[in-house]
Each structure stands twice: as C-alpha cells, then as structure tokens.
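Trainee: Could we take a close look at the aromatic rings in this model, with the cut-offs stated as we go?

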Amino acid sequence: MPRNINAERDNPCLKEQELSFKCLNKNNFDRDKCEIYFANYNNCKEFWNKVKSERRAKGIAPYLPPLEERDAIKAEYMKEKPQQS
C-alpha cells in the first residue's frame, strides 16, 4: 500500500504510530506487549496538540508547525522540560 505523501506533514507522530502498528503485527495483536509504544504515541500526540493549541492562542498559523521547524520545537521543549526524579 503506497504511503500518503502528506502523511509526515499532517501527522507529527507518524513514526510513533507506525512503530505501534509494527509492534502489534509482530506480537499477533497482543496489546499488552506494545504498551510502551502506545504510551510513546500518546505522549507524542499530547505534545503536538499542546503546541497546536498554544500556536492557535497566539495567532500563529499554521497551527501545526512545518516539518522543518519541528525538531527545533522539540529540542526547545526538552531544554525547558523539568527533570523527573
């Protein structure tokens, strides 16, 4: 099945989504064995939804940053993120 050419642009969590599907396929769709992949995907979605919401509130368009800006946004977040103990 050909990949949607806009998939990466439209879904910032495409890699995490694909890894989740790959895990399910590899483990005969046993969801318990793929919990970490689901958690990672959900964290990714939560992060980018927050970014979109903040950009919308500030009037920055497009709400979902372009591909070339995403790595810098993630790096900035990781720099400011409080350390977990």
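Which residue lies over the face of Tyr63, and at what distance from the ring centre?

Mentor: This is a predicted model, in which local features need pLDDT of at least 70 and side-chain atom pairs count only at pLDDT 80 or more, while totals for chains, interfaces and linings use all residues. Residues are numbered from 1 along each chain as its sequence is written, and side-chain values use heavy atoms, without hydrogens or water.

Arg56 lies over the face of Tyr63, 4.7 Å from the ring centre (NZ of Lys or CZ of Arg within 6 Å of the centre and within 35 degrees of the ring normal). Arg31 is placed over the face of Phe38, at 4.4 Å from the ring centre.

Turning to rings that meet other rings, there are two aromatic pairs (Phe, Tyr or six-membered Trp ring centres within 6.5 Å; planes under 30 degrees apart are stacked, over 60 edge-to-face, the rest tilted). Phe47 and Trp48 pair edge-to-face, with 4.8 Å between centres and 75° between planes. Phe47 also pairs with Tyr77 in a tilted arrangement, at 5.0 Å centre to centre and 55° between the planes; this pair links distant parts of the chain, since Phe47 belongs to helix α3 (residues 35–58) and Tyr77 to helix α4 (residues 67–80), 30 residues apart. Ring pairs thus join Phe47, Trp48 and Tyr77 into a cluster.

Within that cluster, Phe47 counts as buried because its relative accessibility is 15%, and Trp48 is buried at 3%, whereas Tyr77 is partly exposed at 36% (buried is under 20%, exposed over 50%, partly exposed in between; 1.4 Å probe, protein chains only).

Methods
Helices (H or I, at least four residues) and strands (E, at least two) are DSSP runs, numbered from the N terminus.
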